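Q: I would like a close look at a single part of this model, namely its strand pairing. Please take me through it in one connected answer, with whatever surroundings help to place it.

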Amino acid sequence: MSKFKKKKSEGQPAISTASLPDIVFMLLFFFMVVTVMRQNTLMVQNKLPYADQVEKLDKKDLVMYIYAGKPSPRYQQTFGKEARIQLNDKFASVGEVQQFIFSERETKREELIPYLTTALKVDEETNMGLVSDIKQELRKAEALKINYTTKEGDALQNMQ
Amino acid sequence: MARREAPEVNAGSMADIAFLLLIFFLVTTTIETDSGISRKLPPWQPEEQDPPVIKERNIFQVLVNSNNQLLVEDEEMEIEELRQAAVEFIDNGGGTGDEACDFCQGPGDANSSVNPQKAIISLVNNRGTEYGTYIAVQNELVAAYNQLRDREAQRLFGTSFTAMEAKYNDSRTSEGAKETLKERIELIKDMIPQKLSEAEPTS
């Protein structure tokens, strides 16, 4: 009568943990693949133009970043659609660029200051008026080494 | 038939496999570096200065208007043609006597530049010009200079100028090799200096 009864009844068997590493590593790889390192959260649209005569910007600690472009859709309510400058994590006006350069310089060692480069990450639809205003400010702040950050590709794509 | 207990999977080698993968990724990952066109701005000069006198023939004028159209030497031009036009201007070599250019291959036109050291490209853009267009123009002009520098480096040293620069910036190059490379790069830069002048944008 008790043919189908369990033979043993020593409690539940232990759950196998052999697949746990798999799960953990799956997560690790997922994050490894999707992670992009960036220092600032972008608040402007930043579709960089293409160029092929480019130089690499090594030594990231010697680079100051200035972003410019239209505010991202979620900031357009408050800041409008006119192209703006972003320094660190805030929108800024042209007049604040000099101050930004000086404060960035203060965080660097003195002997490195001549090697500082300013990377301009400007959206390709921005008007040159804003870009030249930034350049004028950089000249006044004596930050003369600049780099127009671009994506690698045929420059003629910019014209379309 | 009696049900058999499933045998335990041996997970001992799991860690090895995972570490193998981890090390593979560690070795192959490169953190993305930005790249772009490097430029040097002229120092700020508060007071108006008299511009130096430059002969008309030594200036190559590029105007970009707010509709992203190009006017090169008073003629409309498509961006595709800009590089060739700039190369022809720099490489013209119309000078005689002291101003003669001994390596230029241009036709020596009397209305174009005398030699690459004297040739100046003047870029004027409008405040309404799109940044993308501006970068495209900059890119083409830099490309024109690089094309000529490559040609001369090829002739003198058997490698291209861009390759020499890349090797110079590579940290794996030995100090001794860097020394010679630097000399050669400087020589080419002296032969064909990048003289790109940017005026304040018109509005």
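**Strand pairing and its surroundings**

A: Reading chain A from its N terminus, you meet its elements in the order α-β-β-β-α-β-β-α-β-α-β, which comes to four helices and seven strands. Please keep in mind that this is a predicted model, with an ipTM of 0.73 and a pTM of 0.77. Chain A has 160 residues, of which 28% count as buried. Among the contacts in chain A with a separation of 6 or more, 78% link residues 24 or more positions apart.

A good place to start on the pairing is S7(A), residues 145-152. Strand S1(A), residues 50-51, pairs with S7(A) in the parallel sense over two bridges. There, Ala51(A) has Glu152(A) as its bridge partner in S7(A). Strand S6(A), residues 117-122, also runs parallel to S7(A), and three bridges join the two. In that pairing, Leu120(A) stands opposite Tyr148(A). To get from S6(A) to S7(A), the chain passes through helix H4(A), residues 128-140, in a right-handed β-α-β crossover.

S7(A) also takes us across to the other chain: six bridges join S7(A) to S1(B), residues 35-40, and this pair runs antiparallel. To find the pairing on screen, look for Ile146(A), whose bridge partner in S1(B) is Arg39(B). Seen from S7(A), then, the pairings with S1(A) and S6(A) are parallel, whereas the pairing with S1(B) is antiparallel.

What does the contact between the chains draw on? It takes 42 residues from chain B and 42 residues from chain A. On the side of chain B that touches chain A, the elements giving two or more residues are H1, S1, H2 and H3. H3(B) provides the largest share of that side, with 11 residues.

Now let us move to the pairing within chain B. Here you find an open sheet of five strands in the order S4-S3-S2-S5-S6, with mixed pairing. S4(B), residues 75-77, and S6(B), residues 196-198, are the edge strands; each has a single partner strand, so one side of each is left without a neighbour in the sheet. On average, neighbouring strands of this sheet are turned by 25° against each other, direction ignored.

Within this sheet, S2(B), residues 59-64, and S5(B), residues 120-125, run parallel and are joined by six bridges. Two opposite pairs help to trace them: Gln61(B) faces Ser122(B) in S5(B), and Val64(B) stands opposite Asn125(B) in S5(B). S5(B) is also joined to S6(B), in parallel, by three bridges, and there Ile121(B) stands opposite Leu196(B).

A helix lies against this sheet as well. H2(B), residues 79-90, packs on it and touches S2, S3, S4 and S5 of chain B, its direction making about 20° with that of S3(B).

Which residues have the most contacts inside the largest nonpolar core? That core has 54 residues, and those with the most contacts inside it are Ile66(A), Ala68(A), Ile134(A), Ala86(B), Ile135(B) and Val137(B). H3(B), residues 131-157, gives the most to this core, with 11 residues. Val137(B) is a helpful one to select: leaving aside residues up to four places away in sequence, it touches Val62(B), Val64(B), Ile79(B), Leu82(B) and Leu123(B). One of these, Val64(B), is the residue we met opposite Asn125(B). As a general background, nonpolar side chains tend to be buried together in soluble globular proteins.

For contrast, have a look at Lys59(A), in the loop between S2(A) and S3(A), residues 55-56 and 63-69. Is this residue, Lys59(A), buried or exposed? Lys59(A) counts as exposed because it has 12 C-beta neighbours inside 10 Å. From Lys59(A) to Thr117(A) is 58 residues in sequence and 9.8 Å in space, C-alpha to C-alpha.

Finally, a word on confidence in chain B. Its pLDDT averages 82, with 95% of the residues scoring at least 70. Within chain B, the lowest confidence is in H1(B), residues 14-28, at a mean of 77, while the highest is in H3(B), at 89.

How values were computed. Residues are numbered from 1 along each chain as its sequence is written. Chains are lettered from A and ligands numbered from 1 in the order in which they are written. This is a predicted model: local features need pLDDT of at least 70, side-chain atom pairs count only at pLDDT 80 or more; totals for chains, interfaces and linings use all residues. A nonpolar core is a set of buried Ala, Val, Leu, Ile, Met, Phe, Trp, Tyr and Cys residues joined through C-beta atoms within 7 Å. A residue is buried if 20 or more other C-beta atoms lie within 10 Å of its own, exposed if 12 or fewer, and partly exposed in between; C-beta atoms are placed from the backbone. Two residues are in contact if their C-beta atoms, placed from the backbone, lie within 7 Å. pLDDT is the predictor's confidence in each residue, from 0 to 100. Two strands pair if DSSP finds at least two bridges between them. A crossover is right-handed if, with the strands pointing away from the viewer, the path from the first strand over the helix to the second runs clockwise. Axes are lines fitted to C-alpha atoms, for helices over the stretch in contact, and angles run from 0 to 180 degrees between N-to-C directions.
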